[in-house]
Structures are given as C-alpha cells and as structure tokens.
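Trainee: Could we take a close look at a single part of this one? I'd like to go through the sheet and whatever sits around it.

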Amino acid sequence: MNSWSDNKLNNLKLEVMFTIQIDEIRLAEVVRQAVKQQMESRSDGAADAEVKEKGVFLYSLKELADFLHCSTPTAQRMKNEGRIPYKQTGRKVIYDTEEILRSMEHVPGKKSKLRK
C-alpha cells in the first residue's frame with residue numbers, strides 16, 4: 001500500500017452494529033469453552049490438568065493469604081511447613097481451595113476460621 005491509502009485507512013471510522021441471538025444453553029457452552037481455553041493457556045503440562053478438574057484455584061501467595069485470612073508471610077510459612085497442599089510445575093504454584101479446606105479440618109489443636 002502507498003502512504004495515501006494508509007492515511008485514508010487511518011482516517012476511516014467504521015461502525016458495525018449487529019444483534020446476536022443465542023439461547024442460554026449455547027451461551028453457557030461458549031462461556032465454558034472460553035474459560036477452558038483460558039485455563040489451558042495458563043497451563044504448562046499434565047500435572048496442571050489434574051489440578052484444573054477439581055475446583056477453585058489460587059495462583060499466587062497473595063490469593064492464598066486472602067483465602068486464609070492471614071498475612072502473606074504466614075501463608076508462606078504454612079506452605080513451607082507442609083500444612084498447605086499445592087501443585088508446582090517449574091515456578092508456577094497452584095493451590096486447590098478444596099484440598100486446603102480438607103487439610104485444615106485435620107489440624108489437631110488449631111482453630112481455623114475456615115472450618116464449617
């Protein structure tokens with residue numbers, strides 16, 4: 001393209017309006033596939049596939065600390081002590097909230113805000 005056509009394209013404003021009709025079942029399927037694709041793009045391997053199928057996940061120490069209602073250093077200490085279950089692939093750490101809750105139920109002598 002020459003500079004004249006490039007300039008003309010830059011100045012062109014195109015507005016497109018249309019309506020999409022979709023039923024709830026199809027919409028749910030589209031959203032499910034979009035979420036699945038997003039999760040797969042964050043995944044590094046087969047170890048993460050097992051983790052993805054279980055439930056709600058946390059992807060950072062800050063998210064873990066917020067979930068546990070504690071400070072980030074406390075969450076890190078609990079992880080290091082083996083009190084918090086997690087999966088790790090390379091540098092990526094994933095925490096499964098269901099596994100965390102189960103592990104917190106079995107802590108003798110400790111009171112947890114997360115117990116039911």
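How many bridges join S1 to strand S3, and which way do the two run?

Mentor: Happy to, and keep in mind throughout that this is a predicted model. Two bridges join S1 to S3, with S3 covering residues 92–96, and the two strands run antiparallel. One of the pairings to click on is Phe57, whose bridge partner in S3 is Asp96.

Now zoom out to the whole sheet. It is an open sheet of three strands in the order S1-S3-S2, with antiparallel pairing. The edges are S1 (57–58) and S2 (87–89), each of which pairs on one side only. Helix H6, residues 97–105, packs on this sheet and touches S1 and S3, and its direction makes about 60 degrees with that of S3.

Stay with Asp96 for a moment. This residue lies in strand S3, and its relative accessible area is 3%, so Asp96 counts as buried, the cut-off being under 20%. As for a polar partner, the Asp96 side chain reaches the backbone nitrogen of Glu98 at 2.9 Å. So put Phe57, Asp96 and Glu98 on screen together: Phe57 is the bridge partner of Asp96, and Glu98 offers its backbone nitrogen to the Asp96 side chain.

Next, the helices around the sheet. Start with H4, which spans 61–68. Its buried residues are Leu64, Ala65 and Leu68. They cover an arc of only 100 degrees around the axis, which puts them on the same side of H4. The general reason that such spacing works is that an α-helix has 3.6 residues a turn, so residues three or four places apart point the same way. As for what that side meets, the buried residues of H4 pack against S1, S3, H5 and H6.

H4 also carries a salt bridge, between Lys62 and Asp66, with the closest N and O atoms 3.0 Å apart. Both residues belong to H4 and sit four residues apart, about one turn of the helix. Asp66 has 44% relative accessibility, so this residue counts as partly exposed. Following H4 you'll find His69, with a positive phi near 60 degrees.

Helix H5, residues 72–80, can be read in a similar fashion. Its buried residues are Ala75, Met78 and Lys79. Looking down the axis of H5, you'd find them within an arc of 100 degrees, so they line one face of the helix. On the face turned away from that buried side are the exposed residues Pro73 and Asn80. The buried residues of H5 pack against H4, S3 and H6. If you want to trace how the helices join up with the sheet, then, S3 is among the packing partners of H4 and also among those of H5, while H6 touches S3 too.

Around the end of H5, have a look at the charged side chains. Arg77 forms a salt bridge with Glu81, where the closest N and O atoms are 3.8 Å apart. Glu81 also meets the side chain of Arg83 in a salt bridge, at 3.0 Å from N to O. Together, Arg77, Glu81 and Arg83 are linked in a network of salt bridges. As for accessibility, Arg77 is partly exposed at 44%, Glu81 is partly exposed at 45%, and Arg83 is partly exposed at 32%. Also just after H5, Gly82 takes a positive phi of about 85 degrees. The salt-bridge count comes to four, and the ones I've walked you through include Lys62 with Asp66 and Arg77 with Glu81.

Finally, put the region back into its setting. The protein has six helices and three strands, and from the N terminus on, the elements run α-α-α-β-α-α-β-β-α. Of the 116 residues in the protein, 19% are buried. Among contacts with a separation of 6 or more, 47% come from residues 24 or more positions apart. The Phe57 and Asp96 pairing is a good place to begin your own tour, with Asp96 as the bridge partner in S3.

Definitions and conventions
Residues numbered from 1 in each chain as written. Predicted model: local features only at pLDDT ≥ 70, side-chain atom pairs only at ≥ 80, totals over all residues. Heavy atoms only, no water. Pairing = 2+ DSSP bridges. Contact = heavy atoms within 4.5 Å. Axes fitted to C-alpha atoms, helices over the stretch in contact; angles between N-to-C directions. Buried < 20%, exposed > 50% of the residue type's maximum accessible area, 1.4 Å probe, protein only. Polar contact = N/O pair within 3.5 Å; in protein donor to acceptor, adjacent residues only side chain to side chain. Arc of directions from axis to C-beta.
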